[in-house]
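Visitor: I would like to learn how to read a protein model feature by feature. Could we go through one together, slowly?

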Amino acid sequence: MSIVTVQLGQCGNQIGFEVFDTLFSDSHSSQGLCSKRENEAYQASCKERFFSEEENGVPIARAVLVDMEPKVINQTLSKAAQSGRWKYGQHAYFCQKQGSGNNWAYGYSVHGPRHEESIMNLIQKEVEKCDSLSGFFIIMSMAGGTGSGIGAFVTQNLQDHYAHSLKMNQIIWPYGTGEVIVQNYNSILTLSHLYRSSDALLVHENDAVHKICAKLMNIKQISFSDINQVLAHQLGSVFQPVYSAEGSFHYRRNPLEGFKDPALYTSWLEPVDAFNVWKTQRAFSKYEKSASLVSNSQFLVKPLDMIVGKAWNMFASKAYLHQYTKFGIEEEDFLDSFTLLEQVVASYYNL
Ligand SMILES: Nc1nc2c(ncn2[C@@H]2O[C@H](COP(=O)(O)OP(=O)(O)OP(=O)(O)O)[C@@H](O)[C@H]2O)c(=O)[nH]1
């Protein structure tokens with residue numbers, strides 16, 4: 001079964017590239033530390049999930065690239081092509097000439113509806129290339145204009161068109177300080193919209209990954225490229241093939257199935273039942289042994305509460321609201337978002 005990835009905005013496209021590159025490098029690594037047969041099964045399973053094959057044998061990422069400016073899309077396409085190992089589909093991208101200027105409302109209410117048909121057609125073409133669709137992986141920032149605004153719009157559309165396929169969003173939490181003034185507005189709008197249309201949000205905080213680069217990896221001048229490699233490593237290790245069940249040596253066919261396990265999401269189960277282990281003997285990314293943890297915990301309550309609080313303070317003085325109402329996001333939409341996210345914060349506090 002296959003996953004169709006949708007990469008949106010600067011952030012989504014830059015991270016998407018690193019993720020595919022990590023998946024490809026890992027599955028073609030000669031240091032899998034396992035039998036040839038095992039390695040081949042792992043490679044075939046990864047390929048079915050994330051790549052389709054072109055006539056000349058170069059695998060093509062099952063991805064659609066969306067941005068409203070051509071620069072990052074062009075860079076991403078050519079980096080993949082220059083790798084000579086895998087590439088993006090020749091017509092699998094959509095871009096325009098002007099970004100959203102960090103305005104979520106512009107991405108969601110103007111760019112989204114205007115380009116809905118073109119973007120949804122591209123996604124449909126990618127879906128048609130899959131023998132069997134497992135679901136969608138949507139990569140975007142939370143605080144920008146294009147990735148987050150159009151990303152929320154596209155996720156809603158996917159929910160309407162592919163209601164039975166799992167939609168998982170990878171979202172990047174902005175740095176706490178030093179970014180654009182309206183980042184908290186954009187963030188609460190993204191989160192409240194995805195809450196209604198996405199099945200699962202995988203969150204990475206830029207501050208936390210930055211710290212990993214500084215403290216654990218000792219990188220002095222940290223760039224997005226460094227941060228994205230850490231992110232891609234973590235995501236790759238979660239999405240590469242694992243055995244279908246305890247004691248089985250067959251790879252699970254449906255890569256997103258594990259996330260659907262209801263035991264993971266109920267509050268009244270014993271913790272031991274709400275913990276799943278996914279395994280493989282095959283080494284990931286040249287590490288003889290490695291482990292990754294995906295958790296649904298109170299970890300994000302504090303940052304979420306902070307973002308909601310900061311956005312509320314700005315909203316109370318009506319700062320910058322005209323930039324949003326101008327494009328159809330009204331005060332009531334903000335109030336709905338605040339109410340919903342405050343409920344989420346309260347639910348997590350009471351766990
Ligand atoms: N981890 C990571 N974060 C990024 C990257 N690029 C941008 N960001 C973060 O994403 C947010 C801004 O979103 P972008 O994706 O740059 O913006 P956009 O979606 O292209 O939207 P517009 O620029 O408004 O058209 C900020 O919080 C940045 O810190 C990246 O390559 N990696």
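Visitor: Which residue stands opposite L65 in β4?

Guide: The model is predicted, and in it the residue opposite L65 of β4 is Q7. As a general idea, the strands of a sheet pair through backbone hydrogen bonds, in either the parallel or the antiparallel sense. Here β1 (residues 2-8) and β4 (residues 63-67) run parallel and are joined by 4 bridges, and a further pair across them sets L8 opposite V66.

Visitor: With which strand does β1 pair over 6 bridges?

Guide: That partner is β7 (residues 133-141), and the pairing is again in the parallel sense; I3, for example, has G135 of β7 as its bridge partner. β4, for its part, is joined to β6 (residues 93-95) by 3 bridges, with the two strands running parallel, and D67 has C95 as its bridge partner in β6.

Visitor: How should I read burial along such strands, and are the residues of β4 buried or exposed?

Guide: It helps to take the two faces of a strand separately. In β4, A63, L65 and D67 lie on one side and V64 and V66 on the other, and all of them are buried, which leaves both faces covered. Since 5 of the 5 residues of β4 are buried, this strand is largely enclosed by the rest of the structure. β1 is likewise mostly covered, with 7 of its 7 residues buried: S2, V4, V6 and L8 point one way, I3, T5 and Q7 point the other way, and all are buried.

Visitor: What is the order of the strands in the open sheet of 3 strands?

Guide: The order is β2-β3-β5, and the pairing is mixed. β2 (51-53) and β5 (87-88) stand at the edges with a single partner strand each, so one side of each is left without a neighbour in the sheet. Between β2 and β3 (residues 59-61) there are 3 bridges in the antiparallel sense, with S52 opposite I60.

Visitor: Turning to the ligand, how many residues surround it, and which are the closest?

Guide: A shell is best read by its members first, and then by the elements that supply them. The ligand is surrounded by 25 residues, of which G9, G99, G144, G145 and G147 are the closest. By class the shell holds 9 nonpolar, 15 polar and 1 charged residues, where glycine is counted among the polar ones. Helices α1 (9-27), α5 (146-161) and α8 (224-239) each supply at least two residues of this shell, and the largest share, 5 residues, comes from α1.

Visitor: What does the UniProt record place at residues 47-247?

Guide: The UniProt entry, which is unreviewed, places there the feature "domain: Tubulin/FtsZ GTPase". In the model this span is 50% helix and 19% strand, and its end C-alpha atoms lie 24 Å apart.

Visitor: Finally, how many helices and strands does the whole chain have?

Guide: The protein chain comes to 12 helices and 9 strands. Its radius of gyration is 20 Å, close to the 20 Å that the globule rule gives for 351 residues, so the chain is as compact as a globular protein of that length. Its C-alpha trace spans about 65 × 50 × 45 Å along the principal axes, and 40% of the 351 residues count as buried. Among contacts between residues at least 6 apart in sequence, 79% join residues at least 24 apart.

Conventions
Residues are numbered from 1 along each chain as its sequence is written. This is a predicted model: local features need pLDDT of at least 70, side-chain atom pairs count only at pLDDT 80 or more; totals for chains, interfaces and linings use all residues. A residue is buried if 20 or more other C-beta atoms lie within 10 Å of its own, exposed if 12 or fewer, and partly exposed in between; C-beta atoms are placed from the backbone. Two strands pair if DSSP finds at least two bridges between them. The radius of gyration is taken over C-alpha atoms; the globule rule is 2.2 Å times the number of residues to the power 0.38. Two residues are in contact if their C-beta atoms, placed from the backbone, lie within 7 Å. A residue is near a molecule or strand if its C-beta atom, placed from the backbone, lies within 6 Å of it. UniProt positions are given in the numbering used here, feature names are shortened, and annotations may be inferred rather than shown by experiment.
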